[in-house]
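Here is a short set of questions and answers for working through a protein model. Keep the structure in view as you read.

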Amino acid sequence: LDLAHYCVFGNPIHHSKSPLIHAMFAKQTAQSMDYQANLVPLDGFAASVQQFMNAGGKGANVTVPFKLEAYALSDQLSARAAMAGAVNTLTFSDGAIVGDNTDGIGLVCDITKNAATPIRGRRVLLLGAGGAARGALLPLLEEQPASLMIANRTLSKALDLVQLAVSSDGSKCQIEAKTWEQLDSSFDLIINATSASLQSEVPPIPASVFASPCLAYDMMYADTQTSFNRYAQQYGAATRDGLGMLIEQAAEAFFIWRGIRPDTKPVFDYFRSKEGA
Ligand code: NDP
């Protein structure tokens, strides 16, 4: 059987879990494919994609810092990639590059399915207004939350996301933007899409934002509890980090490429059990 080739483009890339995640999916579903990490020079993204396509590559994931370039390079875009303004999944079909973004659906799937927490009808607070927050917008709104508050250090960027969300949202849920200090109500679901946890910082949100019960979700994942999730636990919130999101976005990409949905649970359990070991 012909082996189908996939990869993940990034820089740096050596810590990427994606090759192992996809290898586990491929084994589980008996797909004849391989998936490599592809270290791309910072000025060489388009050339690397072309080279991989020419060599017969079928598709690729894209990670930091190339998601915007992948968006620009795509000949066709899914609705969610168009709204995200960023692409993390490429499919090569008859010489054309089809761009999708599976990060947001990965987040929603991890919250609603794996954490068994409904979003529909709930008050949602999204912290941050960068690429990850933007990518989450459409999949979150499709779940029809009661309201969506976007809070960011730089208010203007949160306002931009509100504009974007309002213009594309058919559900007519209440969508607003605030700075941390202006937050004066409570939320059932709080998603941290800032990169503050990378510096062990916590966005300075008031304790009153945590409803009871509340799920606090940090898109970042780490071997130990993230600083945001430690903070949220002090106020009684249940917490979850972004490992599930990472695995679910990979499963969605795998489905796009192979037409089969892998079982994510054994993969999640494997990575969680390896941590701290
Ligand atoms: P961006 O650089 O695009 O955006 C960063 C955001 O964080 C901005 O809103 C910025 O605010 C805010 N921010 C940065 N530092 C601080 C701070 N010290 N205090 C408060 N706010 C801060 O990053 P991304 O959107 O690409 O990524 C955000 C996070 O999401 C990262 O931790 C990343 O690892 C994670 N992620 C996880 C994925 C997964 O699969 N689990 C997938 C994608 C991302 P301002 O606008 O004011 O600068």
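Q: By class, how many nonpolar, polar and charged residues does the shell around the ligand have?
A: This is a predicted model. In it, 27 residues surround the ligand. By class, the shell has 12 nonpolar, 11 polar and 4 charged residues.

Q: Which helices each supply at least two residues of the shell around the ligand?
A: The closest residues to the ligand are Gly130, Ala132, Arg153, Thr194 and Gly242. Two helices each give at least two residues to the shell: α6 (131–142) and α9 (243–258).

Q: Where does the ligand lie with respect to domain 1 and domain 2, and why?
A: The protein is divided into domain 1 (4–101 + 245–274) and domain 2 (104–241). Both domains give residues to the shell around the ligand, so the ligand lies between them.

Q: How many Å separate the centres of domain 1 and domain 2?
A: The centres are taken over C-alpha atoms. The separation of domain 1 and domain 2 is then 25 Å.

Q: Which element gives the largest share of the side of domain 1 that touches domain 2?
A: 12 residues of domain 1 are in contact with 16 residues of domain 2. On the domain 1 side, α4 (79–84) and α9 each supply at least two residues. The largest share, 5 residues, comes from α9.

Q: Are α1 and α9 oblique or roughly parallel to each other?
A: Helix α1 (residues 18–28) packs with α9 at an angle of about 55 degrees. Their axes are 10 Å apart. Angles under 35 degrees count as roughly parallel, and 65 to 115 as roughly perpendicular. The two helices α1 and α9 are therefore oblique.

Q: By class, what residues does the contact of α1 with α9 have?
A: From α1 come Ser18, Ile21, His22 and Phe25. They meet Ile247, Ala250, Ala251 and Phe254 in α9. By class, this contact has 6 nonpolar, 2 polar and no charged residues.

Q: Are α6 and α7 oblique or roughly parallel to each other?
A: The axes of α6 and helix α7 (residues 155–168) come within 10 Å. They cross at roughly 30 degrees. Angles under 35 degrees count as roughly parallel. That is why α6 and α7 are roughly parallel.

Q: Does α6 pass α7 in a left-handed or a right-handed crossing?
A: In α6, the residues that meet α7 are Ala133, Arg134, Leu137, Leu138 and Leu141. Their partners in α7 are Leu161, Leu164, Ala165 and Ser168. The crossing of α6 and α7 is right-handed.

Q: Where is Pro12, the residue joined to Asn11 by a cis peptide bond?
A: The bond from Asn11 to Pro12 has omega near 5 degrees. Pro12 has its place in the loop between β1 (4–10) and α1.

Q: In which strand is the place of Pro213?
A: A cis peptide bond joins Ser212 and Pro213, with omega about 0 degrees. Pro213 sits in strand β11 (residues 210–218).

Q: What is phi of Ala30 near?
A: Ala30 is found in the loop between α1 and β2 (33–39). Its phi is positive, in a residue other than glycine. The value is near 55 degrees.

Definitions and conventions
Residues are numbered from 1 along each chain as its sequence is written. This is a predicted model: local features need pLDDT of at least 70, side-chain atom pairs count only at pLDDT 80 or more; totals for chains, interfaces and linings use all residues. A residue is near a molecule or strand if its C-beta atom, placed from the backbone, lies within 6 Å of it. Helices (H or I, at least four residues) and strands (E, at least two) are DSSP runs, numbered from the N terminus. Ala, Val, Leu, Ile, Met, Phe, Trp, Tyr, Cys and Pro count as nonpolar, Asp, Glu, Lys and Arg as charged, and the others, Gly among them, as polar. Domain bounds come from an automatic or database domain assignment. Axes are lines fitted to C-alpha atoms, for helices over the stretch in contact, and angles run from 0 to 180 degrees between N-to-C directions. Angles under 35 degrees count as roughly parallel, over 145 as roughly antiparallel, 65 to 115 as roughly perpendicular and the rest as oblique. Two residues are in contact if their C-beta atoms, placed from the backbone, lie within 7 Å. A crossing is left-handed if the near helix is turned anticlockwise from the far one by less than a right angle, and right-handed if clockwise.
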